[in-house]
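Reader: I would like to learn how to read a structure one feature at a time. Where should we begin?

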Amino acid sequence: MKFPINLCQPDGRKSCGACCGIYNFKNNSKSHLSHRLCRNTRSLQSRSSSFESVVLFHSAKYRAEDNGQAKLFQTIFNCEYVGFLDENRLRVGCLLHPSLHRGRDYRDFSFYGAELCAGHFCLSYYYLTAEEQRLVIDTVHDWYLYGLTITDIDLVKGVFRVLSDRVGEAIDPEKVGSREVLASIVRTFFKLKLDWPYRPNDGNRFGKYVFRGDEYRQVSVPYEKFGLKRSFFDSIFVAYGSEFSSSDEIMKAERKMEELVEAFARKYRQV
Ligand code: SF4
Ligand code: SF4
């Protein structure tokens with residue numbers, strides 16, 4: 001399958017490894033994830049024996065550990081072969097990929113096998129428009145936030161929609177990406193997914209999903225219970241995993257969104 005934009009490895013500044021399970025841990029902070037990715041990278045760089053033996057040894061040591069108690073959603077496999085692809089640790093990806101091994105594909109040693117790994121394209125390839133994809137690629141330059149954002153279809157579509165609505169036309173990602181004043185506002189929307197104050201930090205949540213072992217449910221905001229109408233920002237609130245405890249909190253969150261949208265629209269018209 002050919003797609004015009006490579007979402008997995010869009011440029012030299014960042015990349016995504018979400019479908020290899022990098023975020024599927026109860027502790028999925030950047031430092032925790034980085035630690036694990038560094039561990040894999042270092043371990044697979046060992047030259048103590050043939051690469052095949054190193055791969056098998058690595059798997060025997062870490063596969064079970066990465067798929068045990070620390071895992072968030074049991075059904076998703078956490079691959080032990082994902083790591084950093086460059087010395088500066090900007091890009092994450094597959095350490096068994098043929099591009100790293102003079103064309104030899106070692107992904108057959110993985111849980112999914114080379115064919116499945118090579119043929120997998122997540123839903124963002126199909127459901128995000130090229131403009132929505134570009135909005136993320138041109139504004140986020142950090143692997144951790146990039147992977148969390150590019151795979152969050154509701155968040156990306158929600159942000160694109162509310163900004164376009166306020167500006168009065170579909171926003172131009174190229175214009176946004178080339179003006180830091182605009183890019184930083186868009187990034188703020190995406191970053192709020194990391195530290196949204198209206199989401200409980202109970203270790204069982206990931207974006208709009210709440211996990212209990214093999215079961216999961218989607219977050220929804222009970223506006224009626226608080227005597228309010230569905231918010232214009234509802235899809236963003238859901239993507240953030242919101243759990244509001246009062247109408248005041250919802251209105252405060254809406255004001256925060258309004259401030260950002262207004263600031264963006266003002267600058268967008270000026271530049
Ligand atoms: S989640 Fe999507 S963008 Fe990320 S690595 Fe997988 S296929 Fe690529
Ligand atoms: S072997 Fe497959 S699942 Fe594992 S890191 Fe490589 S591409 Fe991802």
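Author: With helix packing. A helix axis is a line fitted to C-alpha atoms over the stretch in contact, and the angle runs from 0 to 180 degrees between N-to-C directions. Keep in mind that this model is predicted.

Reader: How are two packed helices described?

Author: By the angle between their axes and the distance between the axes. Here, take helix H5 (130–137) and helix H7 (153–167). H5 and H7 pack at an angle of about 95°. Their axes are 10 Å apart.

Reader: Which word fits the orientation of H5 to H7?

Author: Angles of 65 to 115 degrees count as roughly perpendicular. So H5 is roughly perpendicular to H7. On the H5 side, Glu132, Leu135 and Val136 make the contact. H7 supplies Val156, Lys157 and Phe160.

Reader: How do the residues of the contact of H5 with H7 divide by class?

Author: Into 4 nonpolar and 2 charged, with no polar residue.

Reader: Next, burial. How many residues of helix H6 are buried?

Author: The test is a count: a residue is buried if 20 or more other C-beta atoms lie within 10 Å of its own. H6 spans residues 143–150, and 6 of its 8 residues are buried. They are Trp143, Tyr146, Gly147, Leu148, Thr149 and Ile150.

Reader: What covers the buried residues of H6?

Author: The cover includes strand E2 (92–94) and helix H4 (123–127). H5, H7 and helix H9 (180–195) are also among the covering elements.

Reader: Can we try a loop residue? Is Val140 buried or exposed?

Author: Val140 lies in the loop between H5 and H6. Val140 has 24 other C-beta atoms within 10 Å, so it is buried. Setting aside neighbours within four places in sequence, Val140 contacts Lys14, Leu145, Tyr146, Thr149, Arg187 and Phe190. Look at Phe190: Val140 and Phe190 are 50 residues apart in sequence, yet 8.6 Å apart in space, C-alpha to C-alpha.

Reader: Now backbone angles. Which residue in the loop between E1 and E2 has a positive phi?

Author: Arg89, at about 55°, although it is not a glycine. Arg89 sits in the loop between strand E1 (82–84) and E2. With 14 other C-beta atoms within 10 Å, Arg89 is partly exposed. Arg102 also has a positive phi, near 50°, and is a residue other than glycine. Find Arg102 in the loop between E2 and helix H3 (114–119). Arg102 is exposed, because it has 6 other C-beta atoms within 10 Å.

Reader: On to ligands. What surrounds ligand 2?

Author: Read the shell by name, then by class. Cys20, Cys79, Tyr81, Val82, Cys94, Leu96, Arg107, Ser110, Tyr112 and Cys117 surround ligand 2. That shell has 8 nonpolar, 1 polar and 1 charged residues.

Reader: And how many residues surround ligand 1?

Author: The number is 13, and the closest are Cys8, Cys16, Ala18, Cys19 and Cys122. By class, the shell around ligand 1 has 8 nonpolar and 5 polar residues, with no charged residue.

Reader: Last, the domains. Where do they run?

Author: The domain assignment gives domain 1 as 18–120 and domain 2 as 129–140 + 153–270. The C-alpha centres of domain 1 and domain 2 lie 31 Å apart. Their contact takes 6 residues from domain 1 and 6 residues from domain 2. On the domain 1 side, the touching residues divide into 3 nonpolar, 2 polar and 1 charged.

How values were computed
Residues numbered from 1 in each chain as written. Chains lettered and ligands numbered in written order. Predicted model: local features only at pLDDT ≥ 70, side-chain atom pairs only at ≥ 80, totals over all residues. Domains from an automatic or database assignment. Contact = placed C-beta atoms within 7 Å. Nonpolar A, V, L, I, M, F, W, Y, C, P; charged D, E, K, R; others polar. Near = placed C-beta within 6 Å. Buried ≥ 20, exposed ≤ 12 C-beta atoms within 10 Å, placed from the backbone. Helix = DSSP H or I, 4+ residues; strand = E, 2+ residues; numbered from the N terminus. Parallel < 35°, antiparallel > 145°, perpendicular 65-115°, else oblique.
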